[in-house]
Amino acid sequence: MTRATNAHIQAQELLNSCGLDEITDLEMNLFVSGLDAMLIEEALPNCDGKIIFGNTKAVIKVNSNIQFEQRKRFVIAHEIGHLIMHKNIQLPDDTFSNFNIIAGMENALKNGKQELEANEFACELLMPEKLFLKEAKGKKFSPLLIKQLSERFKTSLTATVFRYLQFKQLHPICLVFIENGIVKYWKKSDDLKIWFGDFTRLAPPSDSVAAEYIEKDYDFLYKLEEKAQLISKSTWFNLGVYDVDSDFYEYCIPTKRYKTILSIIWED
């Protein structure tokens, strides 16, 4: 990472104060109770998580209808970030209905820096920098590596690949978030010296893997070893006058329920 933010430092200090290197094998309710707070799982009609500050204790609520445990862990870690950094600040309920950290940046801009800080805190708490780099550095980027890292840290594929993007020591990649068939956001590693095409607020390019998923209504199309599909550099990126087109790879994480795709693009 280029610099440690306050959220990263706060997460690291929390782990240090608990004498822990990580919380991967801890039950989240036990960890929250150790922070003198209470975790409640219940059906929340309009949000995925929230925190309620009381006079002496705080209550963290997480939506029991969240399907995947990895996503639930991230929501709880996000609320812990609020607990540590934003006591007694009026906060919006947190919704990750199209769980995407890139989209979360837009919410952060709308709702204030607290949401972005809580996301950064959650990433560091669940995937501490030193341990993440130890597991990822020197290994070839692939869908299998993201799967292995997500299993290692019990985090979603989306959260894991976003964490991967944050480290300049790792292989440069580009992430594109697509919702309802439209490119909403993109973000790339600083070391990936290319120009993204003019696709924001438009459909993905017709020869992209993302377009295949949209055509097939977001069904899973490829098995793990096939998920890295060969594309051309020019599929997603603009070529300079002297650029020669070359091979790139694209790997998509679709969510049929929310009609979203996170497309990961990289050069071998």
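Q: How are the helices and strands defined and numbered?
A: Helices are DSSP runs of H or I with at least four residues, strands are runs of E with at least two, and both are numbered from the N terminus. The model to be read in these terms is a predicted one. In it, Tyr 218, for example, lies in the loop between α9 and β7.

Q: Which residues of that loop have a positive phi, and are they buried or exposed?
A: The general idea is to take the backbone angle and the accessibility of each residue together. Asp 217 is found in the loop between α9 (209–215) and β7, and its phi is near 60°, a positive value in a residue other than glycine. Tyr 218 likewise has a positive phi, near 70°, and is not a glycine either. For accessibility, a residue counts as buried under 20% relative accessible area and as exposed over 50%, with partly exposed in between. Asp 217, at 36%, is therefore partly exposed, whereas Tyr 218, at 7%, is buried.

Q: In what order do the strands of the five-stranded sheet stand, and which of them are at the edges?
A: One follows the strands from neighbour to neighbour. Here the order is β5-β4-β10-β9-β7, in an open sheet with antiparallel pairing. The edges are held by β5 and β7 (229–232); each has a single partner strand, so one side of each lacks a neighbour in the sheet. On average, neighbouring strands are turned by 30° against each other, direction ignored.

Q: How is β4 joined to its neighbours?
A: Bridges and their partners give the register. Strand β4 (residues 174–179) is joined to β5 (residues 182–188) by six bridges, and six bridges also link β4 to β10 (residues 260–266). Both pairs run antiparallel. On the β5 side, the bridge partner of Val 176 is Trp 186; on the β10 side, Ile 178 has Ile 261 as its partner. The connection from β4 to β5 is a hairpin with two residues between the strands, and Asn 180 in the turn has a positive phi of about 50°.

Q: Which residues of β4 lie on each side, and are they buried or exposed?
A: In a regular strand, side chains alternate between the two faces of the sheet. In β4, Cys 174, Val 176 and Ile 178 lie on one side, with Leu 175, Phe 177 and Glu 179 on the other, and all are buried. Because six of the six residues are buried, β4 is largely enclosed by the rest of the structure.

Q: How does the three-stranded sheet read by the same approach?
A: Its order is β1-β3-β2, and this open sheet has mixed pairing. The edge strands are β1 (37–42) and β2 (49–53); each has a single partner, so one side of each is left without a neighbour in the sheet. Neighbouring strands are turned by 20° against each other on average, direction ignored. Five bridges pair β2 with β3 (residues 58–63) in the antiparallel sense, and Phe 53 stands opposite Ala 58 in β3. Helix α3 (residues 69–85) lies across β1, β2 and β3, running at about 30° to β2.

Q: How is the packing of α6 against α7 described?
A: One reads the approach of the axes, their angle and handedness, and then the residues in contact. The axes of α6 (residues 129–136) and α7 (residues 143–153) come within 11 Å and cross at roughly 145°, and the crossing is right-handed. Leu 131, Phe 132, Glu 135 and Ala 136 of α6 meet Leu 149, Arg 152 and Phe 153 of α7. These residues divide into five nonpolar, no polar and two charged. Within α6, Leu 131, Phe 132, Leu 133 and Ala 136 are buried, and what covers the buried residues includes α7 and α8 (157–165). Just after α6, Gly 138 takes a positive phi of about 85°.

Q: What length and burial does α5 have?
A: The length test compares an expected span with the distance between the ends. At 1.5 Å a residue, the 14 residues of α5 (residues 113–126) should span 20 Å, and the end C-alpha atoms are 20 Å apart, which agrees. Twelve of the 14 residues are buried, so α5 is largely enclosed by the rest of the structure. Among the buried residues are Glu 117, Asn 119, Phe 121, Cys 123 and Leu 126.

Methods:
Residues are numbered from 1 along each chain as its sequence is written. This is a predicted model: local features need pLDDT of at least 70, side-chain atom pairs count only at pLDDT 80 or more; totals for chains, interfaces and linings use all residues. Side-chain values use heavy atoms; hydrogens and water are left out. Axes are lines fitted to C-alpha atoms, for helices over the stretch in contact, and angles run from 0 to 180 degrees between N-to-C directions. A crossing is left-handed if the near helix is turned anticlockwise from the far one by less than a right angle, and right-handed if clockwise. Contact means heavy atoms within 4.5 Å. Ala, Val, Leu, Ile, Met, Phe, Trp, Tyr, Cys and Pro count as nonpolar, Asp, Glu, Lys and Arg as charged, and the others, Gly among them, as polar. Two strands pair if DSSP finds at least two bridges between them. Buried means under 20% relative accessible area, exposed over 50%, partly exposed in between (1.4 Å probe, protein chains only). The expected span of a helix is 1.5 Å times one less than its number of residues.
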